[in-house]
Structure formats: C-alpha cells, structure tokens
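Q: I'm new to reading structures, and I'd like a close look at one part of this one. Could you walk me through how the two copies sit together, and then zoom in on a spot or two?

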Protein chains: 2
Amino acid sequence: MSEIKIVQNVLRHNDEIAEMNRRRLRDAGVFCIDLIGSPGCGKTSLLEATLRRLHGRINIGIVAGDLATDRDALRIQACGAKVVQINTGKGCHLDANQVRHALDEIDLDGLDLLIIENVGNLICPVGFDLGQDAKVGMFSVCGGDDKAAKHPHLVRAADLLLLNKIDLMKYVRFHPVTFREDVERLNPDVDVIELSVTEPRIDRWLDWLLNKTLEVPARTDTEAPEHTPFIQGGI
Amino acid sequence: MSEIKIVQNVLRHNDEIAEMNRRRLRDAGVFCIDLIGSPGCGKTSLLEATLRRLHGRINIGIVAGDLATDRDALRIQACGAKVVQINTGKGCHLDANQVRHALDEIDLDGLDLLIIENVGNLICPVGFDLGQDAKVGMFSVCGGDDKAAKHPHLVRAADLLLLNKIDLMKYVRFHPVTFREDVERLNPDVDVIELSVTEPRIDRWLDWLLNKTLEVPARTDTEAPEHTPFIQGGI
C-alpha cells in the first residue's frame, strides 16, 4: 500500500468520526468552534476573557489541545468552565477521534457552545475536520503582517479570522493594510475581527459567537436564551 | 505494511540524506544551523540583523522554508546574502531531501556558515534531521512564558535557545523565572540567550555563532578568519 493511500485512509477515517461528532453536537444543540492559531497568539487568554464575559448567558465547554502540560486547562477551569485537556505528546494537531473521546467526558445537553482550542500550530490542524461548525483562525500583530500570506490554507478554510494584540500595534512592525489585502486576496468572504484580549475590546467577537450559537436549533427541553448585543446598534 | 512502519521508513530515509548533507557541509568547512521557531517569533528579522552585523567577517548562506511566498527570501536578499527559498505548500517542516536540493543551488566552498530557517512551527521540524551541526530553538516573550514547557521536544533537542523581543517584556505577561525554570528542568545543559533583534542586543548570539563557525576545521584553501568578540572580556 502506498504512502499516499495510507494518508488518504487516515483522512477518510478522520472525516467519518468528525461527521459522528458533528451529528452528536447538533443533536445536543451545541455550536462548536475549532480555534486554530500559532503558539502564543492568545488563544487561552481569549477563552478566559470570553468565559468571564459570557458567564450566565450561555453555557460553554472547552476542549484544550497541547503537546504537554495542563496549564491551559487550569487557567480555563479557574474561569469556572468545564474543560477537557488533550495532551498530544508529539502530535501537531487534534484529530476527530481525540475529540470524540473528549466529548464522552462532557455533558453536552448542558452546553450551548463548545470551543476546541487546537494545538498551537498554523499548519497541521487545518487539514483535520473535528466535527466543528466553524473554524476560527487567530493571528497576533506580534507575529507580523505577513502571516496571512504565509498560511493561505488556514485563511481559506476559516469562517472567521481574529487579529489579536492590537494594543501592541504601536510597538511592533505590522501594517494592517498588508495583512488585510492578503486576507482579501485569499478569502474575500471571511470577516476579520481585530481585538485585544487584555482589554475589553472583544465585543464584536462575543456578538459573533452569540449570534452563531443562538442560530443552532434550540434544544427541545429549554427555551433559546435571548441575545442582547454587546455592541449596541448592531455589529 | 503498517502505518508505523511507513513512518519509520520515511524517517530512516530522511536521516540517510541528512547524513549526506552533513558530510557535504563538513567537507566544505561550513557550520550549519537549523533555526526552529513559531510563526512570527522573529527568525527572519534575526537573520537580517545577523547578516548586517557579520557582513565582511564570515560568509553566510541562508535556506528559508515557508508554506508560501518568497517574502523572507526577498528580505534576506536585500541584506546581500545568498538565499534559497523552499516553499513547502502544505508541508509543516523542511526535510533533508529539500535541503539537499537547496545545497545544489549554493556554492558551499564560498561559505563559512549556513543557516536554515525552518518553517514557522515549534513541533514538526524537531523530528527531522536536516544535516545541521546545531539546532537553535527560538521563542519570543510575546508568545508567553509557558512555551518552553509546552514544547519539551524542541527544548530537549536544542543546542541553543533564543528568547526574542525582550524589549516588549514590559507590555506582555511574561515571567522570565517561569520560562527559565521550565528550560532548566527539560534541558539543564542548554544556554538561553535573551535578545531583541530590533535593538543592537544580539552580541551574545553573534559571539556564539562566530565561535561555533570558527570551530569547524578551516577549508584547505583559506586561512581561518580571526574572531574579535562582540562582547569584550569574553561571553
């Protein structure tokens, strides 16, 4: 059997499990995000800020992927959220089977939203469907304005892009026009939300998240919660 | 044939070519570095600053790996260095065969030092020998103080670690003690050089580089150049 055929088999097997995950999440009325970004772009800090701001409005579960340590899980737990940590060892991305096992650890009927924080890597996670409803790609201004152009597969696959650490823009070399032109060329339909997770500049992200979560058909046993936008007057 | 066996075969094949690259570089008296860091930690900026500072002292060639674009190659070329760009497409790391072909494009006899800038990724490049003499791992304070602990394989494999963007330390959450304790636990023998490539704080790196390069037996046709340390009084 050739190498290419084995790679195809691995991906097909992954996609089948991803589809099972997707059905399971939809049946439970859970909107699911695969959050992909480089190491240190601020994924865990974004989750902390999101959990704090959405506390009491929707129920959020987190699956956190990392090669090693439970540091992200501990930070997220401190925000009061249910979190399952997946340590991949040398694995450079999460796969659908790992997520399937993580779902076994979570009471999905008690959730509205599940965010999967993928392993910090802008490349390998892009090719693996996990069963998510949306892929969110995350960059930081500290990484430079060329990172969209250098990661075309992520930009093309993303349903939303986040550009974090804009409060540090004045200290680093980052030309927003270059970044936005590259995104526009690769994926004209994708929205880019600029934010800073260390400041209260995440309202557009929270509104996107609530709108998407509340689009999912409400579970039969509860009423859909009402959404008062964070940005008044619409997004 | 099992998947594991195929992975083993791929790695063995890679290692054989890496050994050929290593012999070829040693025969030419070239010291070779594999520079591994996350996207945006400052690898290309470090090369620009290094090329400018070492101009006229040693001859440096660069192999630059990226998924897409020739932006790094253009930046490096502007510093007057010979550079070969490898675009990997969806490939998350360089392999020895790609480097072998890159070496064909370079006059090795005219070089003292070859720096291979790997694809921006803290995970996958670690497992692939390219034929280098030293692996240098690069982090940035903007990525957070937990990145050594989260990337134990890179820290253990590294002959030197660089911690970049220390001029931004005051604007981000980064506890140097946490970072250093994690490194110490994972690899007590590795040196960590803190630097900022946007300021002239790279003298320790330049001295490390010159010392290592000049350790390589001089080519038969030339005298080994003399090394006046950048940091007076020793490193």
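**How the two copies meet**

A: Let's start with the symmetry: a turn of 180 degrees, with a shift of 0.0 Å along the axis, lays chain B on chain A with an RMSD of 0.0 Å. The two copies are thus related as by a two-fold rotation axis. Keep in mind that this is a predicted model. Its scores are ipTM 0.91 and pTM 0.93. For chain A, the mean pLDDT is 92, and 93% of the residues reach 70 or more.

Now for the place where the chains touch. Here 30 residues of chain B are in contact with 29 residues of chain A. On the chain B side, the elements that give two or more residues are helix 1 (3-27), helix 5 (147-150) and helix 6 (152-157) of chain B. Helix 5 of chain B supplies the largest share, three residues. Sorted by class, the side of chain B that touches chain A has 14 nonpolar, nine polar and seven charged residues. Do the copies use matching patches? Of the interface residues of chain B, 97% are also interface residues in chain A, so the copies meet through the same surface.Let's zoom in on Ser38(B), which sits in the loop between strand 1 (31-37) and helix 2 (43-54) of chain B. Ser38(B) has 28 C-beta neighbours inside 10 Å, and it takes 20 or more to be buried, so Ser38(B) counts as buried. Leaving aside residues up to four places away in sequence, Ser38(B) touches Gly120(B), Leu122(B) and Gly143(B) in its own chain, plus Ser38(A), Pro39(A) and Gly40(A) across in chain A. Gly120(B) is 82 residues away from Ser38(B) along the chain, yet their C-alpha atoms are separated by 4.7 Å.

For a contrast, try Gln77(B), in helix 3 (residues 71-77) of chain B. Gln77(B) has 15 other C-beta atoms within 10 Å, so this residue is partly exposed. Gln77(B) and Gln8(B) are 69 residues apart in sequence, and their C-alpha atoms are 37 Å apart in space.

Two more residues of chain B have a backbone quirk. Thr69(B) is not a glycine, but it has a positive phi of about 75 degrees. You'll find Thr69(B) in the loop between strand 2 (60-66) and helix 3 of chain B, and its 16 C-beta neighbours inside 10 Å make it partly exposed. Lys165(B) isn't a glycine either, and its phi is positive too, at about 65 degrees. Lys165(B) lies in the loop between strand 6 (160-164) and helix 7 (176-186) of chain B. With 27 other C-beta atoms within 10 Å, Lys165(B) is buried.

Last stop: helix 8 (residues 203-215) of chain A. At 1.5 Å a residue, its 13 residues should span 18 Å, and the end C-alpha atoms are indeed 18 Å apart. The buried residues of this helix are Trp205(A), Leu209(A), Leu210(A) and Thr213(A). Looking down the axis of helix 8, you'd see these buried residues fall within an arc of 130 degrees, so they line one face of the helix. The general rule behind such a pattern is that an α-helix has 3.6 residues a turn, so residues three or four places apart point the same way. The buried residues of helix 8 pack against strand 1 (31-37), helix 2 (43-54), strand 4 (113-117), strand 6 (160-164) and strand 7 (191-194) of chain A.

Note on methods: Residues are numbered from 1 along each chain as its sequence is written. Chains are lettered from A and ligands numbered from 1 in the order in which they are written. This is a predicted model: local features need pLDDT of at least 70, side-chain atom pairs count only at pLDDT 80 or more; totals for chains, interfaces and linings use all residues. Helices (H or I, at least four residues) and strands (E, at least two) are DSSP runs, numbered from the N terminus. The expected span of a helix is 1.5 Å times one less than its number of residues. A residue is buried if 20 or more other C-beta atoms lie within 10 Å of its own, exposed if 12 or fewer, and partly exposed in between; C-beta atoms are placed from the backbone. The arc is that of the directions from the helix axis to the C-beta atoms. Two residues are in contact if their C-beta atoms, placed from the backbone, lie within 7 Å. Copies are superposed by least squares on the C-alpha atoms of residues with pLDDT of at least 70 in both. pLDDT is the predictor's confidence in each residue, from 0 to 100. Ala, Val, Leu, Ile, Met, Phe, Trp, Tyr, Cys and Pro count as nonpolar, Asp, Glu, Lys and Arg as charged, and the others, Gly among them, as polar.
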